[in-house]
Amino acid sequence: MDKKLKIVAICGSPHRGNTYNILSMLERSHPEVDFKILMLAEVDLKDCFGCYSCINNGEESCPLTDDRDMIIKEMKDADGTIFASPTYARTISALMKKFVERTSFIAHRPIFFGKYALALATCAGFGADLTCKYLTENFGQCGFKFIPSVELKVATKSQNETDHNRRKALNAYKKLIKAIKAHEKFEPSLGQLVYFNIFKSISELNKLKGWADYEFYKEKGDFYFDVKIPYVKHKLAKWIASREIKKLKTNK
Ligand SMILES: Cc1cc2nc3c(=O)[nH]c(=O)nc-3n(C[C@H](O)[C@H](O)[C@H](O)COP(=O)(O)O)c2cc1C
């Protein structure tokens with residue numbers, strides 16, 4: 001028997017409102033999928049107090065004890081993750097930002113290659129695009145491959161608007177499922193290659209302070225894992241990264 005497809009939706013809304021309702025609709029649309037909605041408001045997630053322990057000394061050294069690792073495990077165990085947030089003041093909610101901060105070490109040492117993701121944002125008028133951009137850029141750096149985002153305007157709650165949003169969200173969800181099933185071959189984007197080169201260089205420069213990154217990057221070759229990279233893309237990424245590193249050094 002085929003293993004059930006597993007999707008986890010991380011919801012950054014502080015209540016079971018518009019964003020939750022869309023996720024709940026997605027859950028009901030495909031009963032064959034093992035779908036879990038994880039409300040950040042309903043788990044124990046403490047504020048990062050900026051000690052750098054997770055980044056410098058490894059995530060195990062975080063002094064906070066809460067549900068952070070449980071959430072990361074859910075994402076690791078799932079075939080796909082939906083990052084969903086309402087748009088508050090033109091970006092992700094404070095709750096989602098807290099989650100982003102508590103998982104920043106993964107942007108340094110990505111672990112989600114081979115996993116698919118979808119960013120979903122609701123808004124009342126403007127800004128869902130900025131919310132989705134933030135989510136895809138941040139979690140893309142953690143290794144996820146994103147399919148095109150869902151940006152939804154929930155303003156009038158009319159039948160027309162509800163149907164339109166339902167269609168949009170369902171289409172994107174179906175694309176996510178299709179991508180997971182097709183297991184498309186991964187090729188790093190130019191942005192991911194640039195980040196790789198920047199983080200690798202910084203890990204060498206900071207090796208006394210940040211041994212966790214240093215240990216992670218020291219055996220790495222041209223990317224986080226063995227993958228064929230077109231020559232021009234590879235050279236261009238290295239050039240952009242070295243320019244950025246030079247800027248960092250001269251500002252010191
Ligand atoms: C504090 C706050 C800030 C908001 N900022 C924006 C905004 O910048 N742009 C926008 O279009 N809607 C904004 N909204 C509206 C919400 O994005 C919209 O109602 C969303 O669907 C709420 O989702 P929720 O029910 O999951 O919280 C804001 C709402 C709140 C409560």
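1. Buried face of α7. In this predicted model, helix α7 holds a set of buried residues: Asn 165, Ala 169, Ala 172, Tyr 173, Leu 176, Ile 177 and Ile 180. These buried residues pack against α1, β3 (80-86), β4 and β5 (145-153).

2. Length of α7. The helix covers residues 159-182, 24 residues in total. At 1.5 Å a residue, the expected span is 34 Å, because the rise is counted over one less than the number of residues. The end C-alpha atoms of α7 lie 34 Å apart, so the two values agree. After the helix comes His 183, with a positive phi near 45 degrees.

3. Ligand shell. The ligand has 17 residues around it. Ser 13, Gly 17, Thr 19, Pro 86 and Cys 123 come nearest. Two elements, α1 (18-29) and β4 (116-123), each give two or more residues to this shell. The largest share is from α1, with three residues. Both α1 and β4 are also among the elements that the buried residues of α7 pack against.

4. Chemistry of the shell. By class, the residues around the ligand are eight nonpolar, eight polar and one charged.

5. Two domains. The domain assignment gives domain 1 as 6-182 and domain 2 as 190-250. Their centres, taken over C-alpha atoms, are 27 Å apart. Nine residues of domain 1 and ten residues of domain 2 take part in the contact.

6. The domain 1 side. Helix α2 (residues 53-57) gives the most to the side of domain 1 that touches domain 2, namely three residues. By class, this side has three nonpolar, five polar and one charged.

Conventions: Residues are numbered from 1 along each chain as its sequence is written. This is a predicted model: local features need pLDDT of at least 70, side-chain atom pairs count only at pLDDT 80 or more; totals for chains, interfaces and linings use all residues. A residue is near a molecule or strand if its C-beta atom, placed from the backbone, lies within 6 Å of it. Helices (H or I, at least four residues) and strands (E, at least two) are DSSP runs, numbered from the N terminus. Ala, Val, Leu, Ile, Met, Phe, Trp, Tyr, Cys and Pro count as nonpolar, Asp, Glu, Lys and Arg as charged, and the others, Gly among them, as polar. A residue is buried if 20 or more other C-beta atoms lie within 10 Å of its own, exposed if 12 or fewer, and partly exposed in between; C-beta atoms are placed from the backbone. Two residues are in contact if their C-beta atoms, placed from the backbone, lie within 7 Å. Domain bounds come from an automatic or database domain assignment.
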